[in-house]
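User: I am new to reading protein models and would like to work through this one by asking about it step by step. Could you please show it to me before we begin?

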Amino acid sequence: MSVERAASNAPPPSVEKNASTHRLTNAAILLHAVYFLIPWEHVSYFPDVGPFKVYVFLFVLLCAAWTVEIIRFGAKQPSPGFTVAAVWFWVIFWVGVIHGYIQDDPIKTSVPIYQILADAVPYADGMLVWYLIRNNRWGREDFEGALRSVFWVALVMGIESVLFYYLRVPNPYSLNYEGRFFLGMFARHHIVASRLGLILAGVAFYFFWRRGGWFYLFASFAGILMVFSTWRRVPIFALFLGAFLLILFFMKFRRRPGAKGKMKAFLSCCLTASVFLACIGVSVMVGTRVRGEFVEAATLSVRVGARLSQYARTAAGLRARPALGGGPRQGFLYGYSKNTPATFSAYFYGEITRYESGIRGWSTSDLFQENPRKGTPVSLHSLPVNFIADLGLLGFVLLMIMFTRGMMYFFKVMCLQPHEDSLGIVMPFAVIFSTVVALFVGVSTTAHFYPYWLFAILLCFVRFLYCEVLEGPTMDFPSARISPSDNTP
């Protein structure tokens, strides 16, 4: 009987042959996890390599592996939607560069061309990983293999946060100078570490649900601890949001049809919502207290106004450069250029404020309008906003596609009728879906998190699991039956 079951669960020969022809590109994608081990800051224990140089190297390596496979095995024709997005990206990139040099644009001409090409790598690499996942016909084992490579890297940092932050093992490299926040010996940037905590918590819980074992459950708990050890309010909020979505899925598919069951589910959802709102308040208050920032109402209103003004900058920059955008990792500079009205940018970058009457104080004028590169802004303080500012209409369209398809996945799955096998089918999808939502919210305040290749893997995996949920428990390999002509992004 066990032999028959193993034979029935074995992948079709076509899937095995297809996997063997794409080993190089699959291995290059798995190697991308090394990116998280490269310090952002200049540290004495690591050579001056930098994560962006490693990013460029990984992209070149992936292109080389792809070229070898094209020569040896040929390549699948990409879908029309993906082709339009890729061509649009490269067109606006080169037209923007040429237009900037013709017009003597100080933003485009103040850096060498190789730096502009390097800035395009995260976007290009993410698009190529997306294409290769579809071209290589990834199944569950491929997705799990890619997530496992990220899992082990994140676990190293999760254990590090437990040892050096919670247990107070002496280590000058993992904590900030006051020993209050976890930075991470590798990342050396608490913003990146908190996002890795979200990934570790979600991916480990997925493996726990799929495979069982206390090891994965403890690893997920280590990810949660890593989020709290950085004391960033937004990742803590994102963690609660992901947990809330996960509970919604669980409460929906553990109940049975009937009026009494529906009433219990409704009351449970109300209770969950109230607990979630309480957790939001706790995350804000605790994070604020630990960070030593006592946010008063007047200060909070200024912060909200300043944050909204940055969204207004994006809208103004999009109106000024709708087709081309600002260019990869350049859009925020146009947000601070003369194309946008003066705002309280000095609030965020007070160290650059001009002297007024010999006293260093706030300035109500925009300090970066004349030449944004004279200042030190690195972001519009929101990764989705930077995405739109960089790519213009293309970035806006892609974000809307991701948002609408994500909402469609959520509502279509939540509209399904529960049955006895519901949890085993739906919960793996729910865990990864909740992780993506939490990570998307969690990166909304940083410019130092550019693993678009990881977003490509997670988004494709969400689609894979969504197809698995719709097909039911008897379909072991839904990816083998997805039509190659499927053009959905």
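User: Which residues in α9 meet residues in α20?

Analyst: This is a predicted model, and contact in it is judged from heavy atoms within 4.5 Å. On the α20 side, the residues met are W453, L454, I457, L458, C460, F461, F464 and E468. Their partners in α9 are R140, F143, A146, L147 and V150.

User: How many nonpolar, polar and charged residues does the contact of α9 with α20 have?

Analyst: Sorted by class, the contact of α9 with α20 contains two charged residues and no polar ones. The nonpolar residues in this contact number eleven.

User: At roughly what angle do the axes of helix α9 and helix α20 cross?

Analyst: Two packed helices are described by the distance between their axes and by the angle between those axes. Helix α9 covers residues 140-166 and helix α20 covers residues 452-471, and their axes come within 10 Å. The crossing of α9 past α20 is left-handed, and the angle is roughly 145°.

User: Is F464 buried or exposed?

Analyst: F464 has its place in helix α20, where it is one of the residues that meet α9. A residue counts as buried under 20% relative accessible area. Because the relative accessibility of F464 is 5%, this residue counts as buried.

User: With which side chain does the side chain of H22 make a polar contact?

Analyst: H22 lies in the loop between α2 and α3, and, at 6% relative accessibility, H22 counts as buried. Leaving out residues up to four places away in sequence, H22 touches E69, N135 and N136. The polar contact, at 3.1 Å, joins the side chain of H22 to that of N136.

Methods: Residues are numbered from 1 along each chain as its sequence is written. This is a predicted model: local features need pLDDT of at least 70, side-chain atom pairs count only at pLDDT 80 or more; totals for chains, interfaces and linings use all residues. Side-chain values use heavy atoms; hydrogens and water are left out. Axes are lines fitted to C-alpha atoms, for helices over the stretch in contact, and angles run from 0 to 180 degrees between N-to-C directions. Helices (H or I, at least four residues) and strands (E, at least two) are DSSP runs, numbered from the N terminus. A crossing is left-handed if the near helix is turned anticlockwise from the far one by less than a right angle, and right-handed if clockwise. Ala, Val, Leu, Ile, Met, Phe, Trp, Tyr, Cys and Pro count as nonpolar, Asp, Glu, Lys and Arg as charged, and the others, Gly among them, as polar. Buried means under 20% relative accessible area, exposed over 50%, partly exposed in between (1.4 Å probe, protein chains only). A polar contact is a pair of N or O atoms within 3.5 Å; within protein, one must be able to donate a hydrogen and the other to accept it, and residues adjacent in sequence count only if both atoms are side-chain atoms.
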